[in-house]
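This report walks through one protein chain, from its overall make-up to selected helices, strands and ring pairs.

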Amino acid sequence: MHPTSEMSVFTEVVQSGSFIEAGRRLGLTSSGVSKKISRFEDRLGVRLFNRTTRSLSLTEAGIALFERCQNILVAIEDAEDTARNLSTVPKGTLRIAASDALSLQVLVPFLKKFAQDYPDVSVLLLQGDGGINLLNERVDVALLFDRPVETSFIARKLIDDPWVICASPEYLEQHGTPMNPSELLNHRCLTIHAKGQTNDQWTFDGGDEAETVRINSVFSGIGLTVKAAALHNMGIARLAHFLVSSEIATGKLQPILRNRMKNRDRAIYAVYPNRQHLPFKTRVFVDALNQHINATLTSP
């Protein structure tokens, strides 16, 4: 086996945390991965992993080797990307992470035309609602609502994405329209439940200081289900702009308390690794997505 292939298998095991998961990603069996690691260790003359039936950890030699292997593999990939970028046709697989709502509402409609324009690029869409590890999953582009704190990533702002308080015209006609945040306590409200938490505290701009209201939630779920509940006249929801932009434009949902929303820093970002040579396929994808989002989403 070529040394770089051994490094790739070793690095995959470290990043995934197990031989089984590394095998799944590499298209190998767990025993196949184990044999390759054993051959790598035999060739180096050191043990790289402490193995038990329940745990897997790096030895001191493994820790020292891992960082160097990462740097070598990134340098090789950069060199290959440099060669690929000389081509005017983007090629290869793009690993993209995004939330379910963003994938269904924005990405899938966009990818139909993108696939027609760039048939040599295939897309692997990863579910990004649960705080996906961008490095371990080898993500090329992630669509996030906050800038990453890691300096190893670049965040390109695509569009502002403020929260929108809204309800169906039918609900507001029947129950009235709240004119200030405190009146929400007298209404049926719909809340997003994600990552094990229900967001039942809505913050509003109060001038000198913010005002937070703990609303009475009668229904909670992911953003897509909360939007569906609002369209079925079940109550008032707080949803991301991208998710309700079309329904507000057509009058199916009506925004309320717009002058009280605190939204200055919320946006959709395209996040990708900070590399010397950004792959051509990644650059083309982000540029095209930026144009699509700003052409199809109404202004906040």
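Helices (H or I, at least four residues) and strands (E, at least two) are DSSP runs, numbered from the N terminus. The model is predicted: local features need pLDDT of at least 70, side-chain atom pairs count only at pLDDT 80 or more, and totals for chains, interfaces and linings use all residues. Residues are numbered from 1 along each chain as its sequence is written, and side-chain values use heavy atoms, with hydrogens and water left out.

**Overall make-up**

The protein chain has nine helices and 15 strands. Of its 300 residues, 41% are buried. Buried means under 20% relative accessible area, exposed over 50%, and partly exposed in between (1.4 Å probe, protein chains only). The accessible surface comes to about 16,100 Å². Carbon and sulfur atoms hold 50% of that surface. These areas come from the Shrake-Rupley method with a 1.4 Å probe; for residues, only the protein chains shown count as cover. Contact means heavy atoms within 4.5 Å. Take the contacts between residues at least 6 apart in sequence: 75% of them join residues at least 24 apart.

**Helix 2**

Helix 2 spans residues 19–26, with F19, A22, G23 and R25 buried. Why do they line one face? Seen down the axis of helix 2, the buried residues fall within an arc of 165°, so they share one face of the helix. The arc is that of the directions from the helix axis to the C-beta atoms. On the other side of helix 2, I20 and R24 are exposed.

S18 caps the N-terminal end of helix 2. A side-chain oxygen of S18 lies 3.0 Å from the backbone nitrogen of E21. E21 itself is in helix 2. With a relative accessible area of 21%, E21 is partly exposed. Its side chain makes a polar contact with the side chain of R24, at 2.3 Å. A polar contact is a pair of N or O atoms within 3.5 Å; within protein, one must be able to donate a hydrogen and the other to accept it, and residues adjacent in sequence count only if both atoms are side-chain atoms. E21 and V33 are twelve residues apart in sequence, and their C-alpha atoms are 9.9 Å apart. After helix 2 comes G27, with a positive phi near 75°.

**Helix 7**

Helix 7 covers residues 223–231, and its buried residues are G223, V226, K227, A229 and A230. Down the axis of helix 7, they fall within an arc of 160°, so they line one face. Those buried residues pack against helix 5, strand 8 (189–194), strand 12 (217–221), strand 13 (236–240) and helix 8 (241–250). Just after helix 7, N233 takes a positive phi of about 65°.

**Strand pairing**

Two strands pair if DSSP finds at least two bridges between them. Strand 15 takes part in two of the pairings below.

| Strands | Direction | Bridges |
|---|---|---|
| Strand 3 (residues 92–98) and strand 5 (residues 141–144) | parallel | two |
| Strand 5 and strand 15 (residues 267–273) | antiparallel | three |
| Strand 6 (residues 153–160) and strand 15 | antiparallel | seven |

Between strands 3 and 5, I96 stands opposite V141. Strand 5 also faces strand 15: L143 stands opposite A270, and L144 stands opposite Y269. From strand 6, I154 has Y272 in strand 15 as its bridge partner. Buried or exposed: which describes most of strand 15? Six of its seven residues are buried.

**Aromatic rings**

The structure holds nine aromatic pairs. One of them is F114 with F285, edge-to-face, at 5.5 Å centre to centre and 85° between the planes. F114 lies in helix 5 (residues 100–117) and F285 in helix 9 (residues 280–296), so the pair ties together parts 171 residues apart in sequence. Rings of Phe, Tyr and Trp (its six-membered ring) pair if their centres lie within 6.5 Å; planes under 30 degrees apart count as stacked, over 60 as edge-to-face and the rest as tilted. F114 is buried, at 3% relative accessibility. F285 is buried too, at 0%.

F10, F19, F40, F49 and F66 form one aromatic cluster. Of these, F19 is also one of the buried residues of helix 2.
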